[in-house]
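Good morning, and thank you for the opportunity to present. I shall introduce one protein chain, and I would ask you to keep its sequence and structure in view while I speak.

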Amino acid sequence: MQTAKHSRESAAKGDDQIAFENGISFQNAGRHVTALEWYADVKPTGGRWDIRASAGRIALLIAMNRAEEAVVVGMQALKRMRFYSVSLVVQTSRALNVVQGPLSALNLCRQALRHATFQQSPHVWFSAAAFASQCHQFGRSLRYLRGFFDCCDESFGGDLFSDLDFAPLWEHLRCEAPTDEEIAALRTLATHHHRSLVAGLRCPLSFESIGHVPPGLRRFLCLNLATMTWVPRPDATPAQQATFQTWYDAVRQEAWQSFEHAVGKALAIHTATSGECA
């Protein structure tokens, strides 16, 4: 194994913590194969360092087009984890989406959301809503968005209006008559105490969103493995960054308009009662 930044001789840290920190160091340096080796060196105990290293391995394997291996790593880690890890669930669901499709990813998120700890995580609700959209389970997707807003705050790192997984939901809301279930969910979103956060959520594109980025823009994007989002490369020219931003804003605006139109329809069908506001 290549020379590591963190020494095994540290008296303050155990071997598993040192192996994990070396994995992080090599990952940040872009040396993915070596990072995987260090992550795999963490003993499979189901504890803190094991679960964090497993989540790191999954992200790396997905980025290296080895999603099948990522699924195996994730499912094994989920079986042995001794505490609830949002990152492990979200990363494993990403791998399942790549290998088996959105239904498998959705089922994992639904299973996690049966536990109160995961119900407090906007990341799990967001992932579940996105995969439900991909499965054309639009009523469920909107219900999960309600759960997302229930526990979301300004620290959340996601933008549902630029995420490719939500594209089927926006298309559905734009073009089809909503069901009673969808109308109820949209009406709740319109009066929700967190709805003001929606317009302010502007973050990089999710890993899945690369599929709808024009090829000419993809070539100067890079994947941030810490957040699994796409951002312009450090060497992207100002013109390239401006072109990307223009495209991003257009995609986001179109999705936002679909959402606003659907909320307007829901409020028109079900008039808000006294004390509620849009």
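Let me begin with a convention: two strands are said to pair if DSSP finds at least two bridges between them. Helices (H or I, at least four residues) and strands (E, at least two) are themselves DSSP runs, numbered from the N terminus. What we have here is a predicted model, in which local features need pLDDT of at least 70 and side-chain atom pairs count only at pLDDT 80 or more, while totals for chains, interfaces and linings use all residues. Residues are numbered from 1 along each chain as its sequence is written, and side-chain values use heavy atoms, with hydrogens and water left out.

First, the chain as a whole. Its secondary structure comes to 13 helices and three strands. Of its 278 residues, 50% count as buried; buried means under 20% relative accessible area, exposed over 50%, and partly exposed in between, with a 1.4 Å probe and protein chains only. The accessible surface is about 13,200 Å², and carbon and sulfur atoms hold 52% of that area; the areas come from the Shrake-Rupley method with a 1.4 Å probe, and for residues only the protein chains shown count as cover. Contact means heavy atoms within 4.5 Å. Among contacts between residues at least 6 apart in sequence, 65% join residues at least 24 apart.

I turn now to the strands. How are the three strands ordered in the sheet? They form an open sheet in the order β1-β3-β2, with antiparallel pairing. β1 and β2 stand at the edges with a single partner strand each, so one side of each has no neighbour in the sheet. Between β1 (residues 205-206) and β3 (residues 229-232) there are two bridges, and serine 206 stands opposite threonine 229 in β3. Between β2 (residues 221-224) and β3 there are four bridges. Here leucine 221 faces proline 232 of β3, and asparagine 224 stands opposite threonine 229. The hairpin of β2 and β3 has four residues between the strands, and methionine 228 takes a positive phi near 55° there.

Next, the second largest pocket. A pocket is defined on a 1 Å grid over the protein atoms alone, as an open set of points where a 1.4 Å probe fits, with protein on both sides within 12 Å along at least five of seven lines; lining residues have an atom within 4 Å of a point. Grid points are joined across faces, edges and corners, and a volume is the space filled by probe spheres set on the points. By that definition, this pocket holds about 250 Å³. It is lined by 16 residues, and the closest to its centre are Ile24, Arg52, Ala55, Gly56 and Ser87. At least two lining residues come from each of α1 (15-28), α3 (48-63) and α5 (86-99), and α3 gives the largest share, five residues. The lining has nine nonpolar residues, six polar and one charged. Ala, Val, Leu, Ile, Met, Phe, Trp, Tyr, Cys and Pro count as nonpolar, Asp, Glu, Lys and Arg as charged, and the others, Gly among them, as polar.

Finally, two individual residues. Is asparagine 22, in helix α1, buried or exposed? Asparagine 22 counts as buried, because its relative accessibility is 0%. Its C-alpha atom is separated by 7.1 Å from that of alanine 35, 13 residues apart along the chain. Lysine 43 lies in the loop between α2 (32-40) and α3, and is partly exposed at 44% relative accessible area. Beyond its neighbours within four places in sequence, lysine 43 is in contact with Asp15, Asp16 and Asp50.
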